[in-house]
Amino acid sequence: MALNGNGCCWIQERILSRNGCSVFLTPRSRSSAAILPRKSTALSFSSSFQFQGFVVDRKQRPSSMQTAAVRHLVGSVTKTQGLRFAVVVARFNEIVTRQLLEGALDTFRKYSVNEEDIDVVWVPGSFEIGIVAERLGKSRNYHAILCIGAVIRGDTTHYDAVANSVASGVLSAGLNSGVPCIFGVLTCEDMDQALNRAGGKSGNKGAECALTAIEMASLFDHHLK
């Protein structure tokens with residue numbers, strides 16, 4: 001509070017703002033120089049708040065989500081020129097795996113992958129897929145490896161051991177080689193389930209995995225070199 005020559009006093013009033021405190025000087029007569037208790041004012045911390053009839057807008061902070069620097073990297077399924085693929089196929093349960101292979105090759109043709117850019121490697125069973133996929137990936141001759149097999153549950157726990165091992169093997173092949181290794185191995189309860197997923201009423205999983213291989217190969221080749 002300050003006193004001027006006209007007998008008036010100036011009372012400093014502080015209003016809380018976003019950046020700190022702002023000071024306002026309000027004239028009062030000398031007779032009313034005593035500071036009376038004021039009612040507390042509730043401040044809202046929304047986009048604006050109201051104080052004694054005045055609305056004070058807070059400065060809007062620019063959002064980092066609005067920046068033009070954000071890039072989205074996506075593999076293409078239409079730009080397949082120059083991409084090379086290997087398909088590792090398990091011979092065990094060939095009645096299923098051959099149909100999966102045909103679905104994969106048909107998808108490669110539909111998306112303009114040249115036949116000379118596709119190599120098919122046969123292995124005895126699904127258990128052997130992982131090590132071959134890793135060797136092919138480390139050769140640096142392929143942009144993606146498609147792994148095809150069929151593991152069907154039987155009367156023993158052999159199914160669980162093979163299913164877990166082939167999944168781990170394909171994953172390790174991709175991580176160790178740095179080349180996308182696509183998991184196209186069916187793990188089914190019975191033969192009917194497998195046939196339904198090899199061109200039957202549930203579609204062809206070999207075709208679906210081939211499309212995944214194309215997209216991943218494009219993503220690595222164009223964006224993640």
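Which residue just after α1 takes a positive phi? In this predicted model, that residue is S112, with a phi of about 65 degrees. The surroundings of this position are best approached from the chain as a whole.

The secondary structure of the chain consists of five helices and eleven strands. Among contacts with a separation of 6 or more, 67% join residues that lie 24 or more positions apart. Of the 225 residues, 34% count as buried. The chain presents an accessible surface of about 14,300 Å², and carbon and sulfur atoms contribute 53% of that area.

Helix α1 covers residues 94-110. At 1.5 Å a residue, its 17 residues should span 24 Å, and the end C-alpha atoms are indeed 24 Å apart, so the expected and modelled spans agree. Several positions of α1 are buried: V96, T97, L100, L101, G103, A104, L105, T107 and F108. A general property of helices helps in reading this list. Because an α-helix has 3.6 residues a turn, residues three or four places apart point the same way. Within α1, V96 and L100 are both buried, as are T97 and L101.

A further feature lies on the surface, where I95, M191 and L195 form a nonpolar patch. Together these residues have about 240 Å² of accessible area. L195 belongs to helix α4, which comprises residues 191-196. With a relative accessibility of 33%, L195 counts as partly exposed, because this class lies between the limits of 20% for buried and 50% for exposed.

Terms used: Residues are numbered from 1 along each chain as its sequence is written. This is a predicted model: local features need pLDDT of at least 70, side-chain atom pairs count only at pLDDT 80 or more; totals for chains, interfaces and linings use all residues. Side-chain values use heavy atoms; hydrogens and water are left out. Helices (H or I, at least four residues) and strands (E, at least two) are DSSP runs, numbered from the N terminus. The expected span of a helix is 1.5 Å times one less than its number of residues. Buried means under 20% relative accessible area, exposed over 50%, partly exposed in between (1.4 Å probe, protein chains only). Patches are made of residues with over 30% relative accessible area and no salt bridge: like charges are joined within 9 Å, nonpolar side chains (Val, Leu, Ile, Met, Phe, Trp, Tyr) within 5 Å. Accessible areas come from the Shrake-Rupley method with a 1.4 Å probe; for residues, only the protein chains shown count as cover. A salt bridge is a side-chain nitrogen of Lys or Arg within 4 Å of a carboxyl oxygen of Asp or Glu. Contact means heavy atoms within 4.5 Å.
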